[in-house]
Amino acid sequence: MKSIYDFNYEQMEQMVLDKGWKKYRGNQIFQWLYRKRVSSFEDMSDISLVMKEELEKDFSAKPLKKLSCQIAQDGTRKYLFELEDGSSVETVLMIYNYGKCVCVTSQVGCNMGCKFCASGLLKKQRDLTSGEMVQQILEVQKDLDETGDRVSHIVIMGTGEPFDNYDNVLNFCRTVNHDRGLGIGARHITISTCGLAPQIRRFADEQTQFNLAISLHAPNDELRNEIMPINKAYPLSELMDALRYYASINNRRLGFEYILLKGKNDTDACAKQLAQLTRGFDVFVNLIPYNQVDEHGFQTVDDKGAMIFYDKLMKLGVRCTLRQKHGVDIDAACGQLRAKYERSKSK
Ligand code: SAH
């Protein structure tokens, strides 16, 4: 059954028109879902009984099932949700001084196979629907409602490759961005990709206000081929060409993510290559402490090592930040919680 959360605002209006109802009914339903945040058609008190029955017959409004919610000392919350088909997905809430940021899962498992990542331990089973991504935000928001807080930022950096699920991800972004609903600012929504060059070009052409982040992690093809298989399909030259195209028609700053892997990508040579690669771009490099995944054997750069690499980049004129660690006490690395859960289920 189709989920009511799959409709963006315009599609909701079209859906009610198709039923022969007035257009404003679309707005009403959208507001019930995303402003008043009810979890059933029954609770939509200004919708007639006949309409409610018809909506119930055609669409599901059932909330995601919360399997668990771990809360770390720094306030980070890690949710494990169960989808209709029994798959499980992780969603993380991070508390920053500038707001509350939710990290959303875009696929069940992931096929990109990055060698350092826990998500790839479980291959992709399917794409998430737009509604399933919307519901991750909605469930976290409902918890925040208890303290009068709101989700202000979204990063699509959970399990999955968002550009391998392009249409649903963009539809999701539009739904949560709409000012008649959750109204999360486009400039506060970040799509992160491991570097699917054709989709970067497609995204560039759409000229949205959503942010684009690239998981770079290695500044030369040799190392990138080793740790990110996607680089064999779209090597750095192709990726950078696509980004140049993006930059030529979008007046937005790019984010480059760079996890620090000890002895791998934190060398002097890497710093210089990274500086070379980013020259001429309006970019910000986000240095990320690696959350160790036992199965993979890579090592985290310690705080001191991270500062040294940061200083090197700054001296080379690369603008960068060193990301703070979140939720270190609760399996917050991508895919860790789900991998554990799925393993325990199969035991
Ligand atoms: N597929 C997308 C989004 C999901 S991964 C992408 O590649 O960007 C989100 C980010 O977390 C990526 O930068 C990814 O490389 C990084 N990441 C994966 N595993 C990690 C780990 N164990 N520690 C720190 N960052 C990790």
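**View 1. Lys-52 sits in helix α3, which covers residues 49–58.** Helices here are DSSP runs of H or I with at least four residues, strands are E runs of at least two, and both are numbered from the N terminus. This is a predicted model, where local features need pLDDT of at least 70, side-chain atom pairs count only at pLDDT 80 or more, and totals for chains, interfaces and linings use all residues. Residues are numbered from 1 along each chain as its sequence is written, and side-chain values use heavy atoms, with hydrogens and water left out. Lys-52 counts as buried because its relative accessibility is 14%; buried means under 20% relative accessible area, exposed over 50%, and partly exposed in between, with a 1.4 Å probe and protein chains only.

**View 2. Here are the contacts of Lys-52, leaving aside neighbours within four places in sequence.** Lys-52 touches Phe-41, Glu-42, Met-44, Ser-45 and Ile-47, where contact means heavy atoms within 4.5 Å. Follow the chain 16 residues from Lys-52 to Ser-68 and the two C-alpha atoms turn out to be 31 Å apart.

**View 3. Now for the ligand, which has 20 residues around it.** A residue is near the ligand if one of its heavy atoms lies within 4 Å of it. The closest ones are Gly-160, Ser-192, Ser-215, His-217 and Asn-291. Strands β10 (189–193) and β12 (254–260) each chip in at least two residues of this shell. By type, the shell holds 11 nonpolar, seven polar and two charged residues. For that sorting, Ala, Val, Leu, Ile, Met, Phe, Trp, Tyr, Cys and Pro are nonpolar, Asp, Glu, Lys and Arg are charged, and the others, Gly among them, are polar.

**View 4. Next up are some polar contacts of the ligand, meaning pairs of N or O atoms within 3.5 Å.** A nitrogen atom of the ligand lies 2.9 Å from a backbone N or O atom of Gly-160. For Glu-161, an N or O atom in the side chain is 2.9 Å from a ligand nitrogen atom. Ser-192 places a polar side-chain atom 2.6 Å from an oxygen atom of the ligand. On its own the ligand exposes 540 Å², and the protein buries 93% of that; accessible areas come from the Shrake-Rupley method with a 1.4 Å probe.

**View 5. Stepping back, the protein has 12 helices and 14 strands.** Its C-alpha atoms fill a box of roughly 70 × 50 × 35 Å along the principal axes. Of its 347 residues, 56% count as buried.

Conventions: A polar contact is a pair of N or O atoms within 3.5 Å; within protein, one must be able to donate a hydrogen and the other to accept it, and residues adjacent in sequence count only if both atoms are side-chain atoms.
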